[in-house]
Each structure stands twice: as C-alpha cells, then as structure tokens.
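Hi everyone, thanks for coming. Today I'd like to walk you through the pockets in this model, so let me put it up on the screen.

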Amino acid sequence: MSTLSARNRRKTPAERAAEIALAARQIALTDGLAALTVRAVAARVGVAPALVAHYQPNMNVLVASAFGAIVAAEIHEVAAELAACPTSVHALGTLIDTLLSPERSAVTAIWLDAWSLGRRNPALAAEVGRQMDAWQGFLVALLRGGVGRGEFVVDDAPALAWQLLGIIDGLTAHATVRYGDARTQQPLVRTIVEHELALAAGALNPAAT
C-alpha cells in the first residue's frame, strides 16, 4: 500500500504553525526583521500566502515572536557557555568576550531592528522589554552569585547589570555598521567592570583565570 511522503502529507495545525515560526526566524536572521512579510514566509515554507495569513493573521505578532525566540535562545546559549566557568569572575570575563565577539553580530542586528521597528509595533516593543529584562535578570543573578561566594563586591547589582548591557549594546551596535571592532574594546569593558567590582586589574581576562 502506497503512502504519502512526509513532504506531501497534510500537516497538522501544530506542525504548520511551527514550520511558519521557524521560517520567520530564518528570514529574520538572514534578512532582518523588516523582511518578515506574509509573502516572504510563504515563499520560504512553500505555501500560498493565504495559508500563512490563516495561521498568523497579525504579522506584528509574528515579528515579535520571531525576535523573542531568537534572543531567548541566545541567553540559553550564553548561559550554557558560562556554566562551564569555574568562578563568577571567570564567567563575567567570558561573558564580556562572548557578547563582544563578531559571532554574535547576527543577533545584534536583530536587536537593532527590534529597537527601531518597535516604535510602530506594540507587540514587538513589549517583547523587547521582556527580553531586556531577561538579560538584566541574568546578569543580576551572575553578579549576586559572585557576591555570595565572596569573589567581589557589588553595591547595586541591578544598576551595574544595566550599565554593562548599555556599554555592550552600544559597542556592538557601532560594530554592526562597521564603526570599529567591538573585540578591540574588550579590555576597556573589563577594566570598567573590574573597577566597579573592586577587582584587581586584569582579573576579568579569561586567559588569566
């Protein structure tokens, strides 16, 4: 008895929704959030635009969802990398080098798109806020963990987390438009954080820990 191939069989609503969401993320990473349209997603999936519109009648929501999934995945990737660090000091140094690496440029571009497009997309603006809070919370936990282990001193962990995020976001945004290389600023960022944490000069250099 013949059977339909996996390619041609009718997909369940859940499978189709997941397929559309994946296509949206792929388009966003390669072409930017502004390239996310019903026609672009339909072309990537290989279906009629009407089918995409059926599953995602509000493109603003799809754009917000794609952004949220991409940047949330980055937090998980960074967290997994830092989990292997023996100390919080080593983890902070590794975090600085990781986030200022050109390997993160695709996600940096997504952030830049979101900050701009979020002015006219309320769903995206709300998701940007959630993900910024998630990153700040991640850094606060890292800082407080180091304080709890007696590795350094922090007067205001939430404020320092925002300060560090602001510095990194600014430097990586510059690099995205080829204004400098964020990697060359790694020592400067380490020095700033070392000062804030009352650490010895060079303490946040992962190669030295």
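Let's start with the largest pocket, which holds about 260 Å³ of space. Please keep in mind that we're looking at a predicted model.

Who lines this pocket? There are 16 lining residues, and those nearest the centre of the largest pocket are Trp111, Trp135, Leu165, Ile168 and Asp169. If you trace the chain around it, three elements each give two or more residues to the lining: helix H6, spanning 105–117, helix H7, spanning 122–148, and helix H8, spanning 157–176. Which of them gives the largest share of that lining? That would be H8, with six residues. As for chemistry, the lining of the largest pocket splits into nine nonpolar, four polar and three charged residues.

Now let's move to the second largest pocket. Its volume is about 160 Å³, and 13 residues line it. Look for Ser101, Pro102, Ser105, Thr172 and Ala175, because those are the ones to zoom in on: they lie nearest the centre of the second largest pocket. Here the elements giving two or more residues to the lining are H6 and H8. H8 again provides the largest share, this time three residues. By class, we have five nonpolar, five polar and three charged residues in the lining of the second largest pocket.

So, if you take one element away from this talk, take H8: it gives the largest share of the lining in the largest pocket and in the second largest pocket. Thanks, and I'm happy to rotate the view for anyone who'd like another look.

Definitions and conventions
Residues are numbered from 1 along each chain as its sequence is written. This is a predicted model: local features need pLDDT of at least 70, side-chain atom pairs count only at pLDDT 80 or more; totals for chains, interfaces and linings use all residues. Side-chain values use heavy atoms; hydrogens and water are left out. On a 1 Å grid over the protein atoms alone, a cavity is a set of points where a 1.4 Å probe fits but cannot get out, and a pocket is an open set with protein on both sides within 12 Å along at least five of seven lines; lining residues have an atom within 4 Å of a point. Grid points are joined across faces, edges and corners, and a volume is the space filled by probe spheres set on the points. Helices (H or I, at least four residues) and strands (E, at least two) are DSSP runs, numbered from the N terminus. Ala, Val, Leu, Ile, Met, Phe, Trp, Tyr, Cys and Pro count as nonpolar, Asp, Glu, Lys and Arg as charged, and the others, Gly among them, as polar.
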